[in-house]
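Colleague: Got a minute for this one? I'd like a quick walk through the fold before I get back to the bench.

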Amino acid sequence: MIRRRLIDYIRKESKYLKQIPMTTFDLPDEEEHVVNVVEIKQSVLEYEHQQQAEDRHDEILRYMQKMTEYGITLADLVQSSPKHRDARKNLFSIADILVRDQNMVQYLMNTKTLPIKELLTKVEVSRKTIERNRKYIIALAMIQIYDFYHLKEYLQVDREERAER
């Protein structure tokens, strides 16, 4: 009796769980070889995903190398990262102002320090705020100056999240 009920259940469920065999997507190519379009597309997507991961990894290594030139480590960034959303927003805008001014960018690249006096003339924050967040501002500016594409995407996502709030 149990066996019969199991058979009935499997038959009933098989109506709803129709599976399409992968060979359904097999097509002949120009040389009469059988190719599976779904497998090829999935392979290409997986390859692109792996390439992006490698590119991100290489970019992060280059970024870390640049940061060491400025005397900044990832641990420094974690420690100096502002906890409040409005403080981060403020530092993003300071970094944007810095990057837009070529003289300040040249000063930063040549001396490896922030042009605090010039920044103070263009922003409405205290000197103490800039000095406390020096490493964070430099790190944000470096992403834009050295055109770290993948890291810029993360900054863009953060900006969009801030705009939504």
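Modeller: Sure. Let's start at a loop. Lys112 sits in the loop between helix 5 and helix 6. Keep in mind that this is a predicted model.

Colleague: What is phi of Lys112 near?

Modeller: Phi of Lys112 is near 65°. That is a positive value in a residue other than glycine.

Colleague: And is Lys112 buried or partly exposed?

Modeller: Partly exposed, because its relative accessibility is 27% and buried means under 20%.

Colleague: Which residue takes a positive phi just after helix 8?

Modeller: Asp147, at about 55°. Asp147 is not a glycine either. It belongs to the loop between helix 8 and helix 9. Its relative accessibility is 47%, so Asp147 counts as partly exposed.

Colleague: Let's zoom out. How many helices and strands are in the chain?

Modeller: Nine helices and two strands. In sequence order the pattern reads α-β-β-α-α-α-α-α-α-α-α.

Colleague: How much of the chain is buried?

Modeller: Buried residues are 26% of the 165 in the chain.

Colleague: And what about contacts across the sequence?

Modeller: Take contacts between residues at least 6 apart in sequence. Of those, 57% join residues at least 24 apart.

Colleague: Now helix 1. How many of its residues are buried?

Modeller: Zero of its 13 residues, so helix 1 is hardly covered.

Colleague: Does its length add up? What should helix 1 span?

Modeller: Helix 1 covers residues 2–14. At 1.5 Å a residue it should span 18 Å, and its end C-alpha atoms are 18 Å apart, so the two agree.

Colleague: How about helix 4 on that test? What should it span?

Modeller: Its 16 residues should span 22 Å. The end C-alpha atoms of helix 4 are 23 Å apart, which agrees.

Colleague: Which residues of helix 4 are buried?

Modeller: Arg88, Leu91, Phe92, Ile94, Ala95, Asp96 and Leu98.

Colleague: Same two checks for helix 8, please. Which of its residues are buried?

Modeller: The buried ones in helix 8 are Tyr136, Ile137, Ile138, Ala139, Leu140, Ala141, Met142 and Ile143. For length, 12 residues should span 16 Å, and the end C-alpha atoms of helix 8 are 16 Å apart, which agrees.

Colleague: On to the core. How many residues has the largest nonpolar core?

Modeller: It has 29 residues. Those with the most contacts inside it are Tyr63, Ile94, Leu98, Leu114, Ile130 and Ile137.

Colleague: Which helices supply at least two residues of this core?

Modeller: Helix 2, helix 4, helix 5, helix 6, helix 8 and helix 9 each do. Helix 8 gives the most to this core, with eight residues.

Colleague: What does Ile137 touch?

Modeller: Leaving out residues up to four places away in sequence, Ile137 touches Leu91, Ile94, Ala95, Leu98, Leu114 and Ile130.

Colleague: Change of topic: Leu120. Where is it found?

Modeller: Leu120 is in helix 6. Its relative accessible area is 25%, so Leu120 is partly exposed. Beyond residues up to four places away, Leu120 touches Val125, Ser126, Arg127 and Ile130.

Colleague: How many residues separate Leu120 and Ile94?

Modeller: They are 26 residues apart in sequence. In space, the distance is 9.7 Å, C-alpha to C-alpha.

Colleague: I'm always curious about histidines. Is His150 buried or exposed?

Modeller: His150 is buried, with a relative accessible area of 9%. His150 lies in helix 9.

Colleague: What is His150 in contact with?

Modeller: Gln52, Asp55, Arg56 and Glu59, leaving aside neighbours within four places in sequence.

Colleague: Last topic, pockets. How much space lies in the largest pocket?

Modeller: About 400 Å³. It is lined by 15 residues, and the closest to its centre are Tyr63, Leu77, Tyr136, Ile143 and Leu155.

Colleague: Which helices supply that lining?

Modeller: Helix 2, helix 3, helix 4, helix 8 and helix 9 each supply at least two residues.

Colleague: And how do the residues of the lining divide?

Modeller: There are 12 nonpolar, one polar and two charged.

Colleague: Great, thanks. Back to the bench.

Notes
Residues numbered from 1 in each chain as written. Predicted model: local features only at pLDDT ≥ 70, side-chain atom pairs only at ≥ 80, totals over all residues. Heavy atoms only, no water. 1 Å grid on protein atoms, 1.4 Å probe; cavity = no way out; pocket = protein on both sides within 12 Å on 5 of 7 lines; lining within 4 Å. Points joined across faces, edges and corners; volume = space filled by probe spheres on them. Helix = DSSP H or I, 4+ residues; strand = E, 2+ residues; numbered from the N terminus. Nonpolar A, V, L, I, M, F, W, Y, C, P; charged D, E, K, R; others polar. Core = buried A, V, L, I, M, F, W, Y, C linked by side-chain atoms within 4.5 Å. Buried < 20%, exposed > 50% of the residue type's maximum accessible area, 1.4 Å probe, protein only. Contact = heavy atoms within 4.5 Å. Expected span 1.5 Å × (residues − 1).
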